[in-house]
Amino acid sequence: MIIDLHSHSTRSDGKESPTEVFEQAALAGVNILALTDHDTTSGWDEAGVAAKRLGLGFVPGIEVTTRAKVQREGHERFISVHMLAYLPDPNHAALASVLGDSVSTREIRAKAMVDLLAKDYDITWDLVLEQLTEGATIGRPALADALVQMGVVSHRSEAFESILSKNGGYYIPAETADVFDAIRLIREAGGVPIIAHPLGGAPDNLDRGDLPQEHFELLIAGGLAGFEVYHREVPQVAREWLLDLADKHDLIVTGSSDYHGEHGKPNRLGENHTSVEMFERILAMASGVQAQL
Ligand code: AMP
Ligand code: FE
Ligand code: FE
Ligand code: ZN
């Protein structure tokens, strides 16, 4: 049984429609897939129809953009935290409003980044919009696609490693919901909040550039349900530490691909999966909307 609980479509920064994502999942031998577009539920209906036709299970989800305020070396800093929300009620007004705010601040931030980039490159806002399906949640991947189309870089990852990286000179952080508020709202909406790729990209030092370890205990006290431990960006040392913490607090542990399409990101459907036991714990905790199994 292959259960993959993290994927993206053209409703955010994936390269394939929800239907195509489920078609690819069927080909990859995935049995149950969650669609978790950034800050939107707009792909759920289409995903549900495709999953039914293909005989796959569908888990409605969202990857909510949040940030945590932390103290580091006496300074206040914001750290971006991606919070997966499984099976929340999409009509919960406060949660829907946070998602709407995130979509609009992401647009303002992307426009500001385009303004900075336009000083050095021939990029325009229209060219960025051409990379997106109407209504899609915008992020750096759309800017990367515009730079690819312009021939400035040859693929998305090259843009992320250079021009669009945090130190690339054009990066602006997104001003999004506070992580504690997001956890509370997801739970109020009957959803299950699980941190996506926790401590991702901190290969040899758990304490560098990501959430301080003591912050995790605060998030757990605030209602966090678990961690996406098995994800290609979570290094081994972080996995071991997270598994211990999950054990101590009896939390849910998941594994997922974070698929963004054949040409969106190297992540392949089903490359990591979630155990049946852990999936059943998610189902048992959720009360917002039903999974389609
Ligand atoms: P943003 O949230 O706008 O700062 O952009 C970050 C998003 O870009 C993440 O959610 C990833 O899905 C995506 N991303 C990060 N690195 C890459 C990459 N190398 N190639 C494609 N997409 C990426
Ligand atoms: Fe993404
Ligand atoms: Fe993410
Ligand atoms: Zn993701």
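Donors here are N, O and S atoms within 2.8 Å of the metal. I start with that cut-off, and I note that the model I am reading is predicted.

**Entry 1: the iron ion, ligand 3**

I looked up the donors of the iron ion (ligand 3) and found Glu63 (OE), His82 (ND1) and His197 (NE2), at 2.0 to 2.3 Å. Water is not among the atoms, so I keep in mind that a site may look incomplete. Along the sequence I read the donor spacing of the iron ion (ligand 3) as E-x18-H-x114-H. I then asked where Glu63 and His197 sit in the chain. Glu63 is in strand β3 (residues 57-72), while His197 is in the loop between β6 (192-195) and α8 (213-221). These two residues are 134 residues apart, and the pair links distant parts of the chain. I checked whether they are buried or exposed, and both Glu63 and His197 are buried.

**Entry 2: the iron ion, ligand 2**

Next I went to the iron ion (ligand 2), which lies 5.3 Å from the iron ion (ligand 3). I list its donors as Asp13 (OD), His38 (NE2) and His260 (NE2), at 2.1 to 2.2 Å. The spacing of these donors along the chain is D-x24-H-x221-H. Why does the pair Asp13 and His260 tie together parts that are far from each other in sequence? Asp13 belongs to the loop between β1 (3-4) and α1 (18-27), and His260 to the loop between β8 (252-255) and α10 (276-285), so the pair joins parts that are 247 residues apart in sequence. I find Asp13 buried, and His260 is buried too.

**Entry 3: ligand 1 and its shell**

I counted the surroundings of ligand 1 next. There are 14 residues around ligand 1, and Asp13, His38, Arg109, Arg140 and His260 come nearest. Asp13, His38 and His260 I had already noted as donors of the iron ion (ligand 2).

I then took the polar atoms one by one. An N or O atom in the side chain of Asp13 is 3.0 Å from an oxygen atom of ligand 1. For Arg140 the atom is a polar backbone atom, at 2.8 Å from an oxygen atom of ligand 1. For His260 a polar side-chain atom lies 2.7 Å from an oxygen atom of ligand 1. How much of ligand 1 does the protein bury? Ligand 1 taken alone exposes 490 Å², and the protein buries 85% of that.

By class I record 6 charged, 6 polar and 2 nonpolar residues in the shell around ligand 1. Three helices each supply at least two residues of that shell: α3 (93-118), α5 (140-149) and α6 (156-161). Of the elements, α6 gives the most, with 3 residues.

**Entry 4: helix α5**

Since α5 supplies residues to the shell around ligand 1, I looked at its cover. Helix α5 is mostly covered, with 8 of its 10 residues buried. Among them are Arg140, Pro141, Asp145 and Leu147. I asked which helices the buried residues of α5 pack against. They pack against α3, α4 (125-130) and α6. Just after α5 I noted Gly151, which takes a positive phi of about 85 degrees.

**Entry 5: Thr10 and Arg11**

I went back to the loop between β1 and α1, where Thr10 is found. Arg11 lies in this loop as well. Thr10 has a relative accessible area of 17%, and buried means under 20%, so Thr10 is buried. Leaving out residues up to four places away in sequence, Thr10 touches Lys15, Glu16, Ser17, Pro18, Thr133 and Ala136.

For Arg11 I set aside neighbours within four places in sequence and found contacts that include Pro18, Asp37, Thr40, Gly135 and Thr137. Glu46 is also in contact with Arg11, and a polar contact of 2.7 Å joins their side chains. I also looked up Arg11 and Glu134: their C-alpha atoms are 8.3 Å apart, although 123 residues separate them along the chain.

**Entry 6: Trp241**

Last I looked up Trp241, in helix α9 (residues 236-249). Its relative accessible area is 22%, so I record Trp241 as partly exposed. Trp241 and Asp45 are 37 Å apart in space, C-alpha to C-alpha, and 196 residues apart in sequence.

Conventions. Residues are numbered from 1 along each chain as its sequence is written. Chains are lettered from A and ligands numbered from 1 in the order in which they are written. This is a predicted model: local features need pLDDT of at least 70, side-chain atom pairs count only at pLDDT 80 or more; totals for chains, interfaces and linings use all residues. Side-chain values use heavy atoms; hydrogens and water are left out. A residue is near a molecule or strand if one of its heavy atoms lies within 4 Å of it. A polar contact is a pair of N or O atoms within 3.5 Å; within protein, one must be able to donate a hydrogen and the other to accept it, and residues adjacent in sequence count only if both atoms are side-chain atoms. Accessible areas come from the Shrake-Rupley method with a 1.4 Å probe; for residues, only the protein chains shown count as cover. Helices (H or I, at least four residues) and strands (E, at least two) are DSSP runs, numbered from the N terminus. Ala, Val, Leu, Ile, Met, Phe, Trp, Tyr, Cys and Pro count as nonpolar, Asp, Glu, Lys and Arg as charged, and the others, Gly among them, as polar. Donors are N, O and S atoms within 2.8 Å of the metal (3.2 Å for Na, K and Ca); water is not among the atoms, so sites may look incomplete. Buried means under 20% relative accessible area, exposed over 50%, partly exposed in between (1.4 Å probe, protein chains only). Contact means heavy atoms within 4.5 Å.
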